[in-house]
Amino acid sequence: MKPSLFIVCRTGDSGVTDYSFCLAPELSKQWRVEFLTANSAGTHPARGQTEVIPVFRRVRNLYVDLFRYVYYILKKKPQWILMQSWVSIPLIDAVIVRFFRRLGCQVAITAHDVMPHHPYPWSRRSISFFYKSFNRLIVHSESAKNKLLEMNVRSPILVVPHGEYSIFNLDDLDKIGARRRLKIESESDFVILFFGHIDSRKGIFEFAKVAKNWRGSGVQFIVAGRSELSPSEEAKLMSGHCRFSRIDLGRVPFEKVQEYFAAADLVALPYREGTTSGVAKVAMAFSKPIVASDVGDLPELMREWPGVLISHTDIVNGLSAAIERVIAARGEFRNCSEKSRTKYKWDNIGLKYRDFLVS
C-alpha cells in the first residue's frame, strides 16, 4: 500500500482549494492522498477522484474544528502532511505542527503568500516562528524564498511555479463560442479582461480610467468579479460603465469563468500592490498574454510568460501603452502564450513536489 499524504486547506471554495485539487492527482502517483478541507469542497467541480475529508466547517466553528483536525491526524498518523497556508492563527498552528512532528509525521507547507496582505505589527515574528516549524517549504518564486531566508528559515525550500488553472477550462470553448455566451457581438474586436476581486488595491480605477479615455474602435473592456468596493466606490466605477462592454460585479460561478477568459485577448493585472495572482494562472490555462504591474512575484512570472510588465507607480500610462503593444503584435503574443504553457503543467509540478518530499 502507498504511504499516506494529507493535504490540509481550511477553505473549501478559494484559489488555494483550486490549487489543491490540481495538485492532488499528481501527488497520488506517490502517496495515498486525502484532502482535509471544509464541507463546501465536497461539491467542488474539480473534485474528481480526490478523497475529501470535511474536518472544517464555517469560520465561527474554526477553533472547535481544530480539535477534529488534530484528532483525525492522531487517528490516521499520515507519513506526510502538506499544509496550504496557516489554518487559524500562525502561532497556534506552529504549536500544532510541532506536535505532529513529535508524532513522527513529516510536515511541509506551500506558502502561497509568505505574509498576509494586511499584517499586524507582530505578524512577522509569529509567522517566522510558524515557518520554522516545518520540515520543508514550497514557494512559487525566488522573491518568496528570499523572504523566508530573511526570517532565518533553515529548512529546505523548493521554488516551483504555480501551475495553470486548467480546471476552469471545462468545455474547451473557442473565442467565438465564449463571446456568444457573453453576448459580445463582435468576433474581431480586441477584448481586455479585468477579473477577480474588484478593489482599489488591484488597480480597478486605473483600469477604468484607461477604458474611459481609450480613443479608437475595435477594443472592448470587460470587468468581472466579486466587488470589495464601498457603495460610493462602486458608484464611481459604474459612472464609466458606458466604456465597458460588460461589467459584472459579483461572484462568478466556477463553470462561467471559462467564458470570460476564452473570450478575452488580453488579461490585465494592473495591481497597485500584491504578492501573487491566481488570475494569472487562469489566464495561462487559456493561453492569454498578460499585462501586469511589477509587484510581488509578477516580475518573475513575466520574465517567462508572454505579455508586458508595467510600473505600479504609473499604471494608467503603462497599461495604455502595453495594450497598444499587444494589439500591434497580437498573433505573436498568442503563439508565444501557447508555447509557454509546458512549464506550468501539473505533471511537471507534481514531479518536482514528489522529488523534493522524498529526497
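Where is the place of Lys183? In this predicted model, Lys183 sits in the loop between helix 6 (175-182) and strand 8 (190-195). Although Lys183 is not a glycine, its phi is positive, at about 65 degrees, and with a relative accessible area of 70% the residue counts as exposed. Most residues other than glycine have a negative phi. A second residue of this kind is Ser287, with a positive phi near 55 degrees, which lies in the loop between helix 10 (278-285) and strand 12 (290-293). Ser287, however, counts as buried, because its relative accessibility is 10% and burial is assigned under 20%.

**Salt bridges**

The structure holds 15 salt bridges, and three of them are set out in the table, each with its N to O distance.

| Basic residue | Acidic residue | N to O distance |
|---|---|---|
| Arg68 | Asp65 | 3.3 Å |
| Lys345 | Glu164 | 3.7 Å |
| Lys256 | Glu259 | 2.9 Å |

The pair of Arg68 and Asp65 belongs to helix 2 (residues 62-76), where the two residues are 3 apart and therefore separated by about one helical turn. Arg68 is partly exposed at 34% relative accessibility, whereas Asp65 is buried, with a relative accessible area of 0%.

The salt bridge between Lys345 and Glu164 has its closest N and O atoms 3.7 Å apart. This pair links distant parts of the chain, 181 residues apart, with Lys345 in the loop between helix 13 and helix 14 and Glu164 in the loop between strand 7 (157-159) and helix 6. Lys345 is partly exposed, at 32%, while Glu164 counts as buried, at 3% relative accessibility. The loop between helix 13 (330-339) and helix 14 (346-358) also holds Tyr344, a buried residue with a relative accessible area of 5%. The C-alpha atom of Tyr344 is 9.2 Å from that of Val160, although 184 residues separate the two along the chain.

The bridge between Lys256 and Glu259 is part of a wider arrangement, since Asp171, Arg181, Lys256 and Glu259 are linked in a network of salt bridges. Within this network, Lys256 is partly exposed at 29%, and Glu259 is buried, with a relative accessible area of 6%. Arg181, a residue of helix 6, is partly exposed at 37%. The C-alpha atoms of Arg181 and Glu259 are 7.0 Å apart, with the two positions 78 residues apart in sequence.

**Surface patches**

Tyr63, Ile89, Leu91, Ile92, Val95 and Phe129 together form a nonpolar surface patch with about 520 Å² of accessible area. Helix 3 gives the most to this patch, with 3 residues. Ile89, for its part, is placed in the loop between strand 4 (80-84) and helix 3, and at 38% relative accessibility Ile89 counts as partly exposed.

A positive patch, formed by Arg98, Arg101, Lys132 and Arg154, also lies on the surface. Arg98 is found in helix 3 (residues 90-102) and is partly exposed, with a relative accessible area of 32%.

**A buried polar contact**

Thr37, in strand 2 (residues 32-38), is buried, with a relative accessible area of 0%. What does the side chain of Thr37 reach at 2.8 Å? The partner is the backbone oxygen of Thr11.

Technical notes
Residues are numbered from 1 along each chain as its sequence is written. This is a predicted model: local features need pLDDT of at least 70, side-chain atom pairs count only at pLDDT 80 or more; totals for chains, interfaces and linings use all residues. Side-chain values use heavy atoms; hydrogens and water are left out. Patches are made of residues with over 30% relative accessible area and no salt bridge: like charges are joined within 9 Å, nonpolar side chains (Val, Leu, Ile, Met, Phe, Trp, Tyr) within 5 Å. Accessible areas come from the Shrake-Rupley method with a 1.4 Å probe; for residues, only the protein chains shown count as cover. A salt bridge is a side-chain nitrogen of Lys or Arg within 4 Å of a carboxyl oxygen of Asp or Glu. Lys and Arg count as positive and Asp and Glu as negative; His and the chain ends are not counted. The place of a charge is taken as NZ of Lys, CZ of Arg, CG of Asp or CD of Glu. Helices (H or I, at least four residues) and strands (E, at least two) are DSSP runs, numbered from the N terminus. Buried means under 20% relative accessible area, exposed over 50%, partly exposed in between (1.4 Å probe, protein chains only). A polar contact is a pair of N or O atoms within 3.5 Å; within protein, one must be able to donate a hydrogen and the other to accept it, and residues adjacent in sequence count only if both atoms are side-chain atoms.
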